[in-house]
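Could you walk me through this structure, starting from the ligand and working outward to the backbone? I would like an account that I can follow with the viewer open.

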Amino acid sequence: MSIHKKTELKKVTTHQLQEMKKRGEKIAMLTAYDYSMAKIIDAAGIDIILVGDSASNVMAGNDTTLPITLDQMIYHASSVVKAVKRSLVVVDIPFGYYQGSSGEALRSSIRIMKESGGHAVKIEGGSEVKDSVLRILSAGVPVMGHLGLTPQSIYKFGTYSVRAKEETEANKLIEDALLLQECGCFGLVLEKIPAELAKKVASQLDIPVIGIGAGPDVDGQVLVMQDMLGITTEFKPRFLRRYADLNSVITKAVNQYVSDVKANEFPNQDEKY
Ligand code: KIV
């Protein structure tokens, strides 16, 4: 008699992320917005997939994250969820769908969870979104915070430069981080802040702190997939490491295809019915 041992693929949960922080195991997070790419990065071992509102930039070609709608976020998230076997899927609540009231924030989160099948939501801001965070959590929806450079507030900031370099803003960020943890957030993204400040926040919090442009002394890292794969080329912040040059790979492949089609070299005898 043969025993077929099924290898169980353990899904990443918010509880597991907490355990990873306790063990000192770093958390790897990337964005994805569609089925095909989500399938690849999930199988490659990513812990968290963020369906970020950066889809507004990299998928829709907008200059900011502000124009993307809740319906569009749900469309991207539902495509990602269908591909995922292991990763935790976190979905951004887009600009204009939570700032009005905590009730609006709750309704938007419930739509995301119900219509996309995502596992958690992410919301930008600190004390100003406290009521919304509490309301969303009260419905059993896990919430991830996002502090530092919060791109939905770009017109308030005026630039995408490093945040919280001054003491007052740094102190407010620390207070907000502690508040979000106290509210019950399972994790926190810190974007583009001094590494020393990020280190301080990560050491003060029990929940995992995931950095983007926040240095190495946090509990994990997140990058926008199109940036780290070298699909986008114009965006060159210091924190971005490009792990591939897919722009060149794709350009070369398409050049070859065009020339094969024009020369009637594609399809060949073996490629026809
Ligand atoms: O929308 C996004 O991609 C994000 C990351 C930059 C953290 O929020």
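What follows is a short tour of the ligand site, the strand pairing and a few backbone details.

Before we set off, keep in mind that this is a predicted model. A good place to start is the ligand, because the space it takes is the largest pocket.

Let us look at who lines up around the ligand. Going along the chain, the surrounding residues are Thr-31, Leu-50, Gly-52, Asp-53, Ser-54, Asp-92, Lys-122, His-146, Val-189, Glu-191, Ile-212 and Val-224. If you sort this shell by chemical character, it splits evenly into four nonpolar, four polar and four charged residues.

Three of the charged side chains deserve a closer look, each with its own distance to a ligand oxygen. In Lys-122, a side-chain N or O atom is 2.9 Å from an oxygen atom of the ligand. For Asp-53, the corresponding distance between a side-chain N or O atom and a ligand oxygen is 3.0 Å. Asp-92 also takes part, with a polar side-chain atom 3.1 Å from an oxygen atom of the ligand. How much of the ligand does the protein bury? On its own the ligand would expose 260 Å², and the protein buries 96% of that area.

Now step back to the strands. Strand 8, residues 220-223, runs parallel to strand 1, residues 27-31, and four bridges join the two. Strand 7, residues 209-212, is also parallel to strand 8, and two bridges join that pair. To find the register in your viewer, select Gly-220 in strand 8: Ile-27 stands opposite this glycine, and so does Ile-210. The strands also lead back to the ligand: Thr-31, in the residue range of strand 1, and Ile-212, in that of strand 7, both belong to the ligand's surroundings.

Finally, a few backbone angles are worth checking if you plan to inspect the geometry. Lys-192 has a positive phi of about 45° although it is not a glycine. You will find Lys-192 in the loop between strand 6 (187-191) and helix 9 (195-204). Glu-191, one of the residues around the ligand, falls within the range of strand 6.

The segment after helix 11 holds two more points of interest. Asn-264 lies there, and this residue, too, has a positive phi, about 55°, without being a glycine. Pro-267 also has its place in the segment after helix 11 (246-262). The peptide bond that joins Phe-266 and Pro-267 is cis, with omega about -5°.

Terms used. Residues numbered from 1 in each chain as written. Predicted model: local features only at pLDDT ≥ 70, side-chain atom pairs only at ≥ 80, totals over all residues. Heavy atoms only, no water. Near = heavy atom within 4 Å. Polar contact = N/O pair within 3.5 Å; in protein donor to acceptor, adjacent residues only side chain to side chain. Areas by Shrake-Rupley, 256 points an atom, 1.4 Å probe, with all protein chains shown as cover. 1 Å grid on protein atoms, 1.4 Å probe; cavity = no way out; pocket = protein on both sides within 12 Å on 5 of 7 lines; lining within 4 Å. Sits in = over half its atoms within 2 Å of the grid points. Nonpolar A, V, L, I, M, F, W, Y, C, P; charged D, E, K, R; others polar. Pairing = 2+ DSSP bridges.
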